[in-house]
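Good morning, and thank you for the time. I would ask you to look at the structure first, and then to follow me through a few of its helices and residues.

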Amino acid sequence: RGSRPDKRRAQAMEASAHVNSLAARARILRALPGQLTAAKLADPAASLAAVRALDAFCLTAADAIDANDAASRADRDAIDESSEALDRFVAHVERACEPRGAGDLASKAAAATLLGRCARDCAPRRFVTSLARWGERLQGLVKPDKSSDATVAAVAAARAMCEILRRAGAMMDVPGVRKEAATVVQRALPSILAWLDDEESGPAAASASLDFIKAALVGHPAALRPRADALERSLVRAVYSRDADAAVRDAAHSCVAMFPRIGSAPAANAGGAPADSARAWSSTCRRALIAVHANLDVALEGAEPMNAGASSKAKLMPAGEEPPPPLGFDAATSIDGVNGRPSSPVALRRAIAMLRVIASMLRAALPTGASAPVPAELILATARRTLDCDGAGAAAAPGLPAIALRVETLAALPDAHVAAADVVVALVECGGVAMTALAGPIARLVDSCLRRGDGSGRRKEGGVGGGVGGESNAPALMPEIVLLDGPTGKMPMLAMDAPAALAAAASSARAREADAAVAQQFIDGVVVPGAV
């Protein structure tokens, strides 16, 4: 009885060694085509089991070992049998991916997933010789019968193409791989952009489209250059889309941030222009900053002084110089209409999207070792403008009444503050020691934000929500939300009685004087590591 556990352990080890042996791979591969018929491929459980078998036993890498390197003649024969069995298995999967072949869309989707696994894990020799054939077979599923419908088979084929592009991106020095990968990208891109522009395609198609674009931007940016304008328009439209899934929007932000890898000029279709990623990065960043200011002009109208951000806009668009085309070209116009103007909440949401794009751009790496000039002062000024708006109404000019922001805009303002703060974090991470010259403005901005929000979560003494005149035992001032007549109808505003408002104003003035004194001491004592 005492030896029974040892015997079971020995049997388990023997079974594991048998299953993972070279000879077992050939037997499993020979059995798979008979099990993966069109009917069984349409069954999600059967297709998932086949994918797990490929991953668990490394079946698609059965010919990765050279037969000449085998330890014995039996192993050499097993490797040869595995290679032949893998040939038959791959041929079976390719036939299952035929657009006009037997089986429904579900079976073709499962076959495309299996083909993507083969492209990811097969031996380099097999991948190089099969790249063009696999790309053509999957292209038939992405765009069957000259249509671009985002069927389940087309989405699965697009994800399989992502596996091909990622694998090809690591083998660009192999003769023929660059050309065949570029062909795969350029043939599939029209259908991919059509899915991204069509809001009825669904989040699965949009996610697959962005994964394909990201794989192409990382590994094959030159292949996207002939259609750079259409790609930029579709990406910005996806960023601005209100109904897009959160994951889809995040993926779109990442793709727009990596768009300068193409290196094309932003003005027109620059298929023959020389690749200059650094110049394209600066141009894209400038256009994104212009988009942020343009949307903030609409979103924060009535909540900031007149000509807010005027100095930054003058530097971004100098007088007498033709301004660059807007980021995304006519993407915003196609959503709003020719003479349309976005509402305040929509404009603020677009400004938030552009701030997130800028933060992603500061964190993304360029494909070359060349450094790109970063407009740090303009980026910081844009973040400061966003963070300075606290939602309170401000008169556009002396003598004019203050106009309250819409409730939807006020609700989205915290997201704008978070996005602007993230831009500052990304800027400091990107610049490092080079940001020493802006250490003072950044410290003042951070100090202002912490003092405005109190940073600790506790209410300050005095002011709204504290004791009158700084007395801790005084009753708290509780502002009341009332509906008052505004230029567009009833609008929610904060209201307090007159004595409480005067007491709060006096306490707030004393607090501002104390804060200014402490802030000056804080600024004078700032020491930046590495500063000369």
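By helices I mean DSSP runs of H or I with at least four residues, and by strands runs of E with at least two, numbered from the N terminus. Under that convention, the protein has 20 helices and two strands.

A word on provenance. What you see is a predicted model, in which local features need pLDDT of at least 70 and side-chain atom pairs count only at pLDDT 80 or more, whereas totals for chains, interfaces and linings use all residues. Residues are numbered from 1 along each chain as its sequence is written, and side-chain values use heavy atoms, with hydrogens and water left out.

I begin with the overall totals. The protein exposes about 27,100 Å², and carbon and sulfur atoms supply 56% of that area; the areas come from the Shrake-Rupley method with a 1.4 Å probe, and for residues only the protein chains shown count as cover. I call a residue buried under 20% relative accessible area, exposed over 50%, and partly exposed in between, with a 1.4 Å probe and protein chains only. Of the 532 residues in the protein, 41% are buried. A contact means heavy atoms within 4.5 Å. Among contacts with a separation of 6 or more, 73% join residues 24 or more positions apart.

Let me turn to helices α11 and α12. The expected span of a helix is 1.5 Å times one less than its number of residues. For α11, the 13 residues should span 18 Å, and the end C-alpha atoms are 18 Å apart, which agrees. Helix α12, residues 246-258, also has 13 residues; from first C-alpha to last it reaches 19 Å, close to the 18 Å expected.

How many of the residues of α11 are buried? The count is 10 of the 13, so α11 is largely enclosed by the rest of the structure. Among those buried residues are D229, E232 and Y240. In α12, the buried residues are V248, A252, H253, C255, V256, A257 and M258. The cover over them includes α10 (203-219), α11 (228-240) and α16.

The two helices pack at an angle of about 145°, with their axes 9 Å apart. Here axes are lines fitted to C-alpha atoms, for helices over the stretch in contact, and angles run from 0 to 180 degrees between N-to-C directions. On the α11 side, the contact is made by L235, V236, A238 and V239; α12 contributes R249, A252, H253, C255 and V256.

Next, helix α16, which spans residues 344-363 and holds S344. Is S344 buried or exposed? S344 is buried, because its relative accessible area is 13%. A polar atom of its side chain lies 2.9 Å from the backbone oxygen of A299. Not counting residues up to four places away in sequence, S344 touches V298, A299, R406 and T409.

L362 lies in α16 as well, and is buried at a relative accessible area of 7%. Leaving aside neighbours within four places in sequence, L362 is in contact with W281, V374, I379, V423, A426, L427 and C430. L362 and V428 are 66 residues apart in sequence, yet 9.4 Å apart in space, C-alpha to C-alpha.

One of those partners, V374, sits in the loop between α16 and α17. V374 counts as partly exposed because its relative accessible area is 32%. With the same exclusion of neighbours within four places, V374 is in contact with W281, L362, I379 and L427.

Helix α17 holds T382, which counts as buried at 0% relative accessibility. A polar atom of the T382 side chain lies 2.8 Å from the backbone oxygen of L378. Beyond residues up to four places away, T382 touches L289, V292, H293 and L355.

I close with two further positions. P401 is found in the loop between α17 (376-388) and α18 (407-431), and is exposed, with a relative accessible area of 65%. P401 and G302 are 99 residues apart in sequence and 9.3 Å apart in space, C-alpha to C-alpha. C449, in helix α19 (residues 439-453), is partly exposed at 26%. Its C-alpha is 9.7 Å from that of R384, 65 residues away in sequence.

Notes: A polar contact is a pair of N or O atoms within 3.5 Å; within protein, one must be able to donate a hydrogen and the other to accept it, and residues adjacent in sequence count only if both atoms are side-chain atoms.
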